[in-house]
Every structure is written in C-alpha cells, then in structure tokens.
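Q: Could you walk me through this one slowly? I would like to see how its helices sit together.

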Amino acid sequence: MSRRTALSLRTAASLRPAALLRTPAPRRAAVAALAVVLLLAGSGCSSDGPAPSPVGPPAATGGEAPAPTGGSPFWVDPESDAAKQVRRYEAEGRADDARVLKRIAEQPVAEWPAGDDPAPEIRRAVRGATAEDRTAVFVAYNIPHRDCGMYSAGGAHDGQAYRAWVDSFASAIGDASAVVVLEPDAVPHMVDGCTPAEYHEERSALLAEAIERLKRQPRTRVYLDAGNPEWIDDPGKLVEPLRRAGVGRADGFSLNVSNFQTNATVRDFGATLSGLLGGMHFTIDTSRNGAGPLPGNRAEAWCNPPGRSLGVPPTDRTGDALVDAYLWIKRPGDSDGQCRGGPAAGTWWPEYALGLARRADS
C-alpha cells in the first residue's frame, strides 16, 4: 500500500506569543471574528484576503491565498539543520545559497523528539522558547506499529513503553507554552486499513490517554492528526475514529502533515470535518504546499516530489475562525524516504531544501 503522508523521524535539528493560542475555544472564535471585522472596517479592504506577511516567503503559486498579515509567536531553533547549513554555506563562500536557505532557517519548524527518551530535546526547545517568550511546537510520533512498517516504521515497543514515553514528553514540557501535534497518520491508518484491525482498540486507547496526559500541562495545546484530503477523501470516515481516540479532549485536529495539499483544499475539508465534530478547530501544515501537490496522479506523489515550494509561513493569525494556526510541521529539507534519489526518511537533504526555498518568492 502506498503511503500518503511522509514524516520526519529524527531529533531536531518578533512577536510575543499571541493570546489567541491561550484563549479557550469559544472565546478564541469570538476574538478571531471580531479581529476580522475590525480589520476590514479599518482598512477598507474588499474580500480579496489579507496582505502578504512581512516575514518569510509569501504564499506561493497554485491558487494559494496571500500569506496572512503578521508574524509568528512560535520559537525558531537556532541549531536546526537549516540554520547549520546556512552557516556552512557562508563559510564556503556560497552567499546566494545561504541567503535563499534562510527562508527556512529563519522560520519556526516543529521539533520531532526521537528515541526512547524525548525529554532532553524537549527541554532544550522549551528553554529556548521560554527565554524568548515564545511557543515551542512539537510532534509526538512514537505510537506502536507506526507507519505500518513502511518508510517511517518504528515506534514504541508496546503500550506500556508508549505510556512512559508520553509521560516523559509531557513532563519535559512542564509549564511552558507548547503546541503538540499528536501522532501523524495514527488515526488515518486505522481508517484506510493499513494498521491491522487487532491493533485498533489499543491504539485508540493510547491516543486518548496521550491527550489526557498532555493536557495536564497548563499551557500545552494538543491537535490529533487527521491526515489530509487526498488520503481520506471523505471526512465522515474520520469522525468516529477520532472520537474513539479522544479528540474531544484535545484542542482540535491537525491536517496536511508532511503533505502538499493547498490551503484552500485543506480548509474546505477541515471545515466539513469540524462541522461533524461540533465546531472543533484545526491546524494546517503549510511547510511545503506553496505550489500544491504533484500533478498527474503520479506514484508516491507524497514522497520527495519535484518542483514543490514553501507555503505560508507559520503564524496563528490565519484570518479564519476555525484555523488556529498555519504550522511548518514537516521540516522543509528533511527527506520523505528513499525515493526520487532521497536519503532515508527524516535525513536532512540540503539540495531539496534549496529547491523548496528557491521556488518560494523572496
């Protein structure tokens, strides 16, 4: 079975955190709606959409809306692979490549703590984010039987090991401001049948327990992954699996992780799913969707597709009451797997990163 989402496996690598991410969902929707009204009233703008962002690359081609106004409250890792690559290029005299790659290095991307002990990497990120009064973004990706044995196979040995891993993950966050995208692919792989049925009950219970544990942290927001509209094309198929996995206790669901679907496509899908879940909010991974998906229904279109581009920079100022944030969950430049000449999944691939950055308008 061909995989529809490509994931990062490895340990990772000027605005204050917006109040919107710390506001309860009902108030957050009201605040967002009021902000849109005030913006339109004060600017005299039509419905053409918000102006391009002053930071990072704007939304690229492929029918995307302009990048939202404002910056990002999220933490930028100064030791990311992209940042290190920029320094290498500068040392080698490759000034143009360094300048282009800063379009990735200077944006906040998610941390993917790996291995049996996620705490050291999380504590490092939390220290950096707290010092700058920003929000750290993490991906919890260690569910048993992960990725059905494909490119990103692995995960915790069993349920007890996973519970201990999640507890360590949550404890390391502590009282810091954090966003956690929980287990990309875990629910969709139950829906599409890739994960064998005998694991479904345990997986749903583990996800629900993980949400409950993470939500004990006072400033942690949790978004349970729900795939992308190219993969599970009927949002109704996700409703009961998400509910069994405890999405009602989360802050919402995440979409388009490591994929390339356009914001418009993902937003429409997310709005429908939200309606089926009582108005739940969601996030969109915009890390590589600026040019949309690879055309032509080609094989493994999700895996290191050529010609793609960076998308809307990370921000919580989406202009959409249902979309809590545009995030760069997939780390742009990390390989999707050993396809189209790429290295192993999660391995930094500077040539691919440069391509993504060059195709994003400066």
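A: We should settle one term before starting: a helix axis here is a line fitted to C-alpha atoms over the stretch in contact, and angles are taken between N-to-C directions. Please also keep in mind that this is a predicted model.

Q: Okay, so how many helices and strands does the protein have?
A: The protein has 10 helices, and alongside them there are six strands.

Q: What about α8 and α9, at what angle do their axes cross?
A: The axes of helix α8, residues 236-244, and helix α9, residues 263-276, cross at roughly 50° and come within 9 Å of each other. Angles from 35 to 65 degrees count as oblique, which makes α8 oblique to α9.

Q: And is that crossing left-handed or right-handed?
A: The crossing of α8 and α9 is right-handed.

Q: Which residues meet there?
A: From α8 there are G236, L238, V239, L242 and R243, and these meet F269, L273 and L276 of α9. Sorted by class, the contact between the two helices has six nonpolar residues, together with one polar and one charged.

Q: Switching to α3, which of its residues are buried?
A: In helix α3, which covers residues 95-105, the buried ones are D97, A98, V100, L101, R103, I104 and A105.

Q: What do those pack against?
A: The buried residues of α3 pack against α2, at 81-91, and also against α10, at 350-358.

Q: Last thing, how much of the whole protein is buried?
A: Of its 362 residues, 57% count as buried, while the protein exposes about 14200 Å², with carbon and sulfur atoms supplying 52% of that area.

Technical notes. Residues numbered from 1 in each chain as written. Predicted model: local features only at pLDDT ≥ 70, side-chain atom pairs only at ≥ 80, totals over all residues. Heavy atoms only, no water. Buried < 20%, exposed > 50% of the residue type's maximum accessible area, 1.4 Å probe, protein only. Helix = DSSP H or I, 4+ residues; strand = E, 2+ residues; numbered from the N terminus. Contact = heavy atoms within 4.5 Å. Axes fitted to C-alpha atoms, helices over the stretch in contact; angles between N-to-C directions. Parallel < 35°, antiparallel > 145°, perpendicular 65-115°, else oblique. Left-handed = near helix turned anticlockwise from the far one by under 90°. Nonpolar A, V, L, I, M, F, W, Y, C, P; charged D, E, K, R; others polar. Areas by Shrake-Rupley, 256 points an atom, 1.4 Å probe, with all protein chains shown as cover.
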